[in-house]
Amino acid sequence: MKETTPLQWIAVALGVAEVLLARVNNVWLYPAGILSTFLGIWLLFDVKLYADCALNVYYIVMSFYGWYYWIKKSDKPPVKISWSTRNEWLVTIAMSTVGTGFLYLCLTKLLYVFPHYKASDVPFWDAWISATAWAGMWLLARRKIENWALLNLSNLFAIPLLFYKKLPLFGCLTAFLFIIAIWGFFDWIRIYKQDKARRNPITAS
């Protein structure tokens, strides 16, 4: 912890702000997350977690997409929280499984493409964590309740990996995110039920 750089503290603080804003369904989670992600790319690349770096680039793209998707146009209502459809679940499973395989192959072949970089020593776990987080972030952008479950699946494996890579502050942040995601899951269910009751008072009663 004594070796933790100011850059890590700033990135972690912004990450905490992002997840707290997401838990209360606040659109400002995206700008906080975008800033945190930019810093995270630099830090993760330094410890050779290349798939996590790619994940963070994806986070930035999806954050801008999610920011737009949440706000949409001023003359349209915001996107409501909902459960995933069958097609969305198929996309989620495909992103997790195919993404893991693709990233694993990329990481194991990295030395052939960039011989001056050291290859990752944990290519499968790096790929798995990133792919499941990709799927969770996509669901978050679409305001699907299951996003919390996918993100926590990623967090579950990321926590020990970050400590192994000597990023204890990031490991503690991920553990914190794991707890918050559990709360977020139930909070979003509550918001979903309240919104459903307002729209269909007879059915809800």
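This is a short tour of the chain, moving from the whole fold to one pair of packed helices.

The model is predicted, so local features need pLDDT of at least 70 and side-chain atom pairs count only at pLDDT 80 or more, while totals for chains, interfaces and linings use all residues. Residues are numbered from 1 along each chain as its sequence is written, and side-chain values use heavy atoms, with hydrogens and water left out.

Begin by selecting the whole chain and showing it as a cartoon, where there are nine helices and zero strands (DSSP runs, H or I of at least four residues for helices and E of at least two for strands, numbered from the N terminus). Switch next to a surface view: the accessible surface comes to about 11200 Å², of which 71% belongs to carbon and sulfur atoms (Shrake-Rupley method, 1.4 Å probe). Of the 205 residues, 48% count as buried, meaning under 20% relative accessible area with a 1.4 Å probe and protein chains only.

Now select residues 123-141, helix α6, together with residues 147-164, helix α7, which pack at an angle of about 155 degrees with their axes 8 Å apart (axes are lines fitted to C-alpha atoms over the stretch in contact, and angles run from 0 to 180 degrees between N-to-C directions). The two helices are therefore roughly antiparallel to each other, a term for angles over 145 degrees.

Finally, show the side chains where they meet: the contact (heavy atoms within 4.5 Å) includes W125, W128 and I129 of α6 and L150, F157 and L161 of α7.

Methods. Buried means under 20% relative accessible area, exposed over 50%, partly exposed in between (1.4 Å probe, protein chains only). Angles under 35 degrees count as roughly parallel, over 145 as roughly antiparallel, 65 to 115 as roughly perpendicular and the rest as oblique.
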